[in-house]
Amino acid sequence: QVQLVESGGGLVQTGGSLRLSCAASGRSFSYYTMGWFRQAPGKEREFVAAIRWSGGDLYEDSLKGRFTISRDNSKNTVYLQMNSLKPEDTAVYYCVAGNRLSSGPDWYDYWGQGTQVTVSS
């Protein structure tokens, strides 16, 4: 089992930045692919980014350049740096862990509870 706890969400103005963190505990964090999804009210869940244990990453194309995913295996933590935030980035952001670098949610076995990000206009 892997437990995931997100933090760092909050309220920010348009153009601002936030860094989300996800602390993992349990089995062999270093070998899992870690990622982030988000879900806005009334919308479907959306892939944001993911990163392999070795550092290879994948982004939703529309977010590339504004969002950066990284991980610190020594701290069992994955990060999502979000810059130039827009109101449409408002969503609950979920940390995930799985065994494959993919944008498909079904490849991720473990999900955190989510952290709210609200971008005001």
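Buried residues account for 45% of the 121 residues in the protein, as judged from a model that is predicted. The accessible surface amounts to about 6300 Å², and carbon and sulfur atoms contribute 44% of that area. For 121 residues, a compact globule would be expected to have a radius of gyration near 14 Å, and the value of 13 Å found for the protein therefore agrees with that expectation. Along the principal axes, the C-alpha atoms occupy a box of roughly 40 × 25 × 25 Å. Among contacts with a separation of 6 or more, 57% are made by residues 24 or more positions apart. The charged groups comprise 12 positive and 11 negative charges, whose mean positions lie 4 Å apart.

The secondary structure consists of eleven strands and zero helices, so that the order of elements from the N terminus reads β-β-β-β-β-β-β-β-β-β-β. Strand E1, which spans residues 2–7, presents a covered face made up of Val2, Leu4 and Glu6, whereas Gln3, Val5 and Ser7 form its uncovered face. In a regular strand, side chains alternate between the two faces of the sheet.

Strand E1 is paired with strand E3 (residues 18–26) in the antiparallel sense, and six bridges connect the two. Within this pairing, valine 2 stands opposite glycine 26 of E3, while glutamate 6 stands opposite cysteine 22 of E3. Both of these E1 residues, Val2 and Glu6, belong to the covered face of the strand. Strand E3 is in turn joined to strand E8 (residues 77–82) by six bridges, again with an antiparallel course, and leucine 18 has methionine 82 in E8 as its bridge partner.

Three residues located in other strands were examined individually. Tyrosine 110 lies in strand E10, which covers residues 108–111, and it counts as buried because its relative accessibility is 16%, below the 20% limit applied to buried residues. With residues up to four places away in sequence left out, tyrosine 110 touches Gln1, Val2, Leu4, Tyr32, Cys95, Val96 and Ala97; of these, Val2 and Leu4 are part of the covered face of E1. By contrast with these contacts, the C-alpha atoms of tyrosine 110 and arginine 66 are separated by 25 Å, the two residues being 44 residues apart along the chain.

Glutamine 39 is placed in strand E4 (residues 33–39) and counts as partly exposed because its relative accessibility is 31%. Apart from neighbours within four places in sequence, glutamine 39 is in contact with Glu44, Arg45, Ala91, Val92 and Tyr94. One of these partners, tyrosine 94, is 55 residues away in sequence, yet the C-alpha to C-alpha distance between glutamine 39 and tyrosine 94 is 8.2 Å.

Leucine 58, found in strand E6 (residues 57–59), is likewise partly exposed, with a relative accessible area of 29%. When residues up to four places away in sequence are not counted, leucine 58 touches Phe47, Val48, Ala49 and Ala50, together with Leu101, Ser102 and Ser103. Serine 102 is 44 residues from leucine 58 in sequence, and their C-alpha atoms are 7.5 Å apart in space.

Technical notes: Residues numbered from 1 in each chain as written. Predicted model: local features only at pLDDT ≥ 70, side-chain atom pairs only at ≥ 80, totals over all residues. Heavy atoms only, no water. Helix = DSSP H or I, 4+ residues; strand = E, 2+ residues; numbered from the N terminus. Rg over C-alpha atoms; globule rule 2.2 N^0.38 Å. Buried < 20%, exposed > 50% of the residue type's maximum accessible area, 1.4 Å probe, protein only. Contact = heavy atoms within 4.5 Å. Areas by Shrake-Rupley, 256 points an atom, 1.4 Å probe, with all protein chains shown as cover. Lys, Arg positive; Asp, Glu negative; His and termini not counted. Charge placed at Lys NZ, Arg CZ, Asp CG, Glu CD. Pairing = 2+ DSSP bridges.
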